[in-house]
Amino acid sequence: MSQFPLHTIDTAPEGSKPLLEGSLKAFGMIPGLHAALAESPALLEAYQTLHKLFSETSSFDADEKTVVWQTINVEHGCHYCVPAHTFIATSMNVDSAITEALRNETPLPNARLEALRTFTLAMLRGRGNVSDAEMQAFFDAGYSHKHVLDVILGLSQKVVSNYTNHVAETPVDAPFQPLAWERKVAAE
């Protein structure tokens, strides 16, 4: 696979420099994902905008955001985003039982969160085509039409990050390395 550049503020295209400066200010570092995305100022801006919208305006609480993010990260097998979002979940005070269940693809501690994971997977695997029964089960768990659209917003953000990390083979940042993840393969 071709070596993707991991940009610094100095090496980034002009359009990415202010975006990376914002990353440095927000995180105290330039996350590897942002360094990889910087090759395309438009994609870096799109990712940052989607992340901000999902984080700040979605109808989900911290536990639910984590369920959406990690369900997608795990399904996509993203070596970078699973540990990064484990770190983020801890900073958002998400119960470690939720995080571990998502990382290990085991049942979540409550039915509502499990319904969110099930619906997110249906949306992802069906490429937006969910059945009436899948939609009704989501509504029966207490979710609304806005929640359906917010899952799509989260999915949009994660497609950008997960796919970029796959093609760029983004190295996991030092703060996330202790939280490294590999999908467990079921014994045959």
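The following paragraphs describe the fold of a single chain, its aromatic side chains and a few of its residues, as seen in a predicted model.

The chain contains nine helices and zero strands, and its elements, read from the N terminus on, follow the order α-α-α-α-α-α-α-α-α. With a radius of gyration of 17 Å, close to the 16 Å that the globule rule gives for 188 residues, the chain is as compact as a globular protein of that length. Its C-alpha trace spans about 50 × 35 × 30 Å along the principal axes. Of the 188 residues, 44% are buried, and among the contacts with a separation of 6 or more, 66% are between residues 24 or more positions apart. The surface that the chain exposes amounts to about 9600 Å², of which carbon and sulfur atoms supply 57%. As for charge, the chain carries 13 positive and 22 negative side chains, with the centres of the two sets lying 2 Å apart.

Aromatic side chains form seven pairs in the structure. In one of these, the ring centres of Tyr80 and Phe176 are 6.1 Å apart and the ring planes stand at 90°, so the pair is edge-to-face. Tyr80 is found in the loop between α4 (62-76) and α5 (81-91), whereas Phe176 belongs to the segment after α9 (145-168), and the pair therefore ties together parts that are 96 residues apart in sequence. Both Tyr80 and Phe176 are buried. Elsewhere among the aromatic residues, Phe54, Phe60, Trp69, Phe119, Phe138 and Tyr143 form one cluster.

Helix α5 has as its buried residues Cys81, Val82, Pro83, Ala84, His85, Thr86 and Ala89, and the cover over these residues includes α4, α6 (96-104) and α9. Cys81, which is placed in helix α5, has a relative accessibility of 2% and therefore counts as buried, the cut-off being under 20%. When neighbours within four places in sequence are left aside, Cys81 is in contact with Gln70, Asn73, Lys158, Ser161, Asn162 and Asn165. A further relation across the sequence links Cys81 with Val172, since these residues are 91 residues apart along the chain while their C-alpha atoms are separated by 8.5 Å. After α5 comes Asn93, a residue whose phi is positive, near 60°.

Attention now turns to the start of the chain. Ala12 is located in the segment before α1 and is buried, its relative accessible area being 6%. Apart from neighbours within four places in sequence, the residues in contact with Ala12 are His7, Lys17, Leu20 and Ala38. Ala12 and Leu37, although 25 residues apart in sequence, have C-alpha atoms 9.8 Å apart in space. Lys17, one of the contacts of Ala12, lies in helix α1, which covers residues 17-27. A lysine carries a side chain that is counted as positive, yet Lys17 counts as buried, with a relative accessibility of 18%. With neighbours within four places again left aside, the contacts of Lys17 are Ile9, Asp10 and Ala12.

Definitions and conventions:
Residues are numbered from 1 along each chain as its sequence is written. This is a predicted model: local features need pLDDT of at least 70, side-chain atom pairs count only at pLDDT 80 or more; totals for chains, interfaces and linings use all residues. Side-chain values use heavy atoms; hydrogens and water are left out. Helices (H or I, at least four residues) and strands (E, at least two) are DSSP runs, numbered from the N terminus. The radius of gyration is taken over C-alpha atoms; the globule rule is 2.2 Å times the number of residues to the power 0.38. Buried means under 20% relative accessible area, exposed over 50%, partly exposed in between (1.4 Å probe, protein chains only). Contact means heavy atoms within 4.5 Å. Accessible areas come from the Shrake-Rupley method with a 1.4 Å probe; for residues, only the protein chains shown count as cover. The place of a charge is taken as NZ of Lys, CZ of Arg, CG of Asp or CD of Glu. Rings of Phe, Tyr and Trp (its six-membered ring) pair if their centres lie within 6.5 Å; planes under 30 degrees apart count as stacked, over 60 as edge-to-face and the rest as tilted.
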